[in-house]
Amino acid sequence: MPHNAVSPSSPATRTGATRSTTFDWLDEQHRLRREAGLVRTLRPRPEPGAGEPAVLDLAGNDYLGLSRHPEVTRAAADAAHRWGAGSTGSRLVSGSTALHTRLEEALAEFCGFEAALVFSSGYAANLAAVTALAPPPELSGARGLLVSDEGNHASLIDGCRLARAGRAVVPHADPEAAGKALAAHPGRGLVVTDSVFSVDGDAAPLAALARQCRRHGAGLLVDDAHGLGVLGDGGRGAVHAAGLAGAPDVVSTVTLSKSLGAQGGVVLGPARVIAHLVSSARTFIFDTGLAPAAAAAALAALEVLRREPGRAARVRAVAGDLHARLTGAGLTAVRPDAAVVSVRAPSPRAAVRWQADCRAAGIEVGCFRPPSVPDGVSRLRLTARADLTDAQVERAAGTVVGTAAAEGFLNSRRAPG
Ligand SMILES: Cc1ncc(COP(=O)(O)O)c(C=O)c1O
């Protein structure tokens with residue numbers, strides 16, 4: 001038995017009563033987090049009731065308002081009745097259904113790629129794509145190089161950490177820096193980037209990155225989590241909008257949990273890349289397949305998006321309107337390239353207080369603090385939704401501005417926390 005372990009039948013395991021010193025370091029860590037204003041707490045959403053919710057949600061990622069669309073929820077319920085609540089196993093054992101295949105075909109066709117592979121989450125899809133697409137040293141004679149934007153999502157960062165490849169973290173949205181890093185690794189590089197960065201909501205220079213990749217024989221992997229449903233023709237995503245969808249050297253990942261209102265993740269790319277992932281990606285092989293209800297919900301949501309492409313344009317208009325109202329009132333916010341509107345807060349503590357003030361006034365907004373932000377600058381994060389009315393947008397912006405004024409944050413970039 002390992003040091004400090006308790007036997008399964010000991011009183012400590014049964015009652016949890018015996019005090020152990022094993023995890024005492026957690027208390028110190030908690031104290032440090034508390035002092036820095038970085039403790040995170042869970043806050044269950046209020047039960048949905050009839051009529052307009054008491055709190056207006058600008059924190060979630062339901063960009064197109066599809067998570068509660070009747071066609072989407074009905075498709076999920078029907079799939080659960082037909083196939084069961086879970087997928088029952090890995091996609092390679094019992095966890096693949098006709099729904100998964102249909103979703104893969106529909107998404108590949110919609111986004112303009114040859115093939116697609118569905119995972120249980122966008123996180124798992126990113127881990128798979130990054131780890132499986134760095135060329136292995138035993139084949140290429142030397143390690144491959146992953147070139148990663150410093151503002152990338154945690155799932156891409158973790159993929160780089162897990163991969164058996166070298167890593168170069170390059171300055172944000174800097175194709176020249178990516179090119180310099182690739183130059184020393186001709187034919188063995190993979191550039192990894194968000195299409196729209198989740199913290200600031202700005203877009204990556206995809207066309208310029210693709211040019212650098214082609215110059216050095218590198219692949220380009222784009223996480224289009226925030227682009228699908230929002231950018232490009234009818235919401236086909238940022239990769240499609242950049243004219244890169246379906247290219248033999250470009251792979252994209254998307255999540256089903258944002259604009260499609262469901263859950264799960266997808267890798268899109270050339271058929272040989274998808275076949276390689278099926279046989280090698282650990283988060284595909286050793287993970288239970290996506291629940292049939294989530295696959296059916298995403299398929300139904302995609303159908304709504306095809307039928308109502310104006311939803312994508314509406315999200316962008318709402319984001320632009322929010323930004324104009326906030327900056328017009330003196331707040332510092334990044335110009336949104338998609339649905340995310342990021343507003344600077346004076347400090348982590350101030351961000352938490354500001355978020356609580358907004359909630360008390362009936363507006364739920366997100367709050368990003370270190371370590372979720374690469375530059376250490378805390379922010380409120382508002383997400384635009386296609387189903388917000390103009391009056392709701394006005395109320396949300398007015399609340400964010402009013403609470404900032406009451407706290408003394410207006411025009412003070414760094415106030416005491
Ligand atoms: C840019 C980006 N990539 C990947 C993910 C992970 O997707 P999922 O929530 O489906 O695991 C997220 C979601 O938070 C994201 O913002």
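## Domain contact, core and helix α4

In this predicted model, 20 residues of domain 1 are in contact with 18 residues of domain 2. The domain assignment places domain 1 at residues 70–307 and domain 2 at residues 309–407. Their C-alpha centres are 27 Å apart. About 1400 Å² is buried between domain 1 and domain 2, and carbon and sulfur atoms give 61% of that area. On the side of domain 1, Val199, Asp200 and Val230 supply 41% of the area buried against domain 2, more than any other three residues.

The largest nonpolar core holds 97 residues, and Leu107, Trp354 and Leu382 have the most contacts inside it. Helix α13 gives the most to this core, with 12 residues. Both domain 1 (70–307) and domain 2 (309–407) give residues to the core, so it lies between them. Apart from it lies another core, of 26 residues, which includes Leu133, Leu146, Cys160 and Ala281.

Leu107 belongs to the buried residues of helix α4. Beyond its neighbours within four places in sequence, Leu107 is in contact with Leu228, Leu256, Leu260, Val266, Leu268 and Leu302. Of these partners, Val266 and Leu268 fall within the bounds of β8 (265–269), and Leu302 falls within those of α13 (292–307).

Helix α4 runs over residues 98–111 and has 14 residues. From its first C-alpha to its last it reaches 20 Å, close to the 20 Å expected at 1.5 Å a residue. Leu107 shares its burial with Leu99, His100, Leu103, Glu104, Ala106, Ala108, Phe110 and Cys111. An α-helix has 3.6 residues a turn, so residues three or four places apart point the same way. What do the buried residues of α4 pack against? They pack against the helices α3 (70–83), α10 (238–241) and α13 (292–307), and against the strands β2 (115–119) and β8 (265–269).

At the N-terminal end, α4 is capped by Thr97, with a side-chain oxygen 3.1 Å from the backbone nitrogen of Leu99. Just after the helix, Gly112 takes a positive phi of about 90 degrees.

Thr97 itself lies in the loop between α3 and α4. Is Thr97 buried or exposed? At 8% relative accessibility, Thr97 counts as buried. The side chain of Thr97 also joins that of His100 through a polar contact of 2.8 Å. Not counting residues up to four places away in sequence, Thr97 touches Trp83 and Pro292. Thr97 and Ala295 are 198 residues apart in sequence, yet their C-alpha atoms are 9.3 Å apart in space.

The loop between α3 and α4 also holds Thr88. Thr88 is exposed, with a relative accessible area of 64%. Its phi is near 80 degrees, a positive value in a residue other than glycine. Ala173, in the loop between β4 (166–170) and α8, likewise has a positive phi for a residue other than glycine, near 50 degrees. At 31% relative accessibility, Ala173 counts as partly exposed.

Ala184 is placed in the loop between α8 (175–183) and β5 (189–194). Ala184 is exposed, at 56% relative accessible area. From Ala184 to Gly122 the separation is 62 residues in sequence and 31 Å in space, C-alpha to C-alpha.

Ser155 sits in helix α7 (residues 154–162). Ser155 is buried, with a relative accessible area of 1%. Which side chains make polar contacts with the side chain of Ser155? One is that of Asn126, at 2.9 Å. Another is that of His153, at 2.7 Å. Leaving out residues up to four places away in sequence, Ser155 touches Tyr123, Asn126, Leu127 and Asp223. Asn126 thus appears both as a polar partner of the Ser155 side chain and among the residues that Ser155 touches.

The relative accessible areas of the individually described residues are listed here.

| Residue | Relative accessible area | Class |
|---|---|---|
| Ser155 | 1% | buried |
| Thr97 | 8% | buried |
| Ala173 | 31% | partly exposed |
| Ala184 | 56% | exposed |
| Thr88 | 64% | exposed |

Technical notes: Residues are numbered from 1 along each chain as its sequence is written. This is a predicted model: local features need pLDDT of at least 70, side-chain atom pairs count only at pLDDT 80 or more; totals for chains, interfaces and linings use all residues. Side-chain values use heavy atoms; hydrogens and water are left out. Helices (H or I, at least four residues) and strands (E, at least two) are DSSP runs, numbered from the N terminus. The expected span of a helix is 1.5 Å times one less than its number of residues. Buried means under 20% relative accessible area, exposed over 50%, partly exposed in between (1.4 Å probe, protein chains only). Contact means heavy atoms within 4.5 Å. A polar contact is a pair of N or O atoms within 3.5 Å; within protein, one must be able to donate a hydrogen and the other to accept it, and residues adjacent in sequence count only if both atoms are side-chain atoms. A nonpolar core is a set of buried Ala, Val, Leu, Ile, Met, Phe, Trp, Tyr and Cys residues joined through side-chain atoms within 4.5 Å. Domain bounds come from an automatic or database domain assignment. Buried area is the accessible area (1.4 Å probe) that two parts lose on being put together, summed over both.
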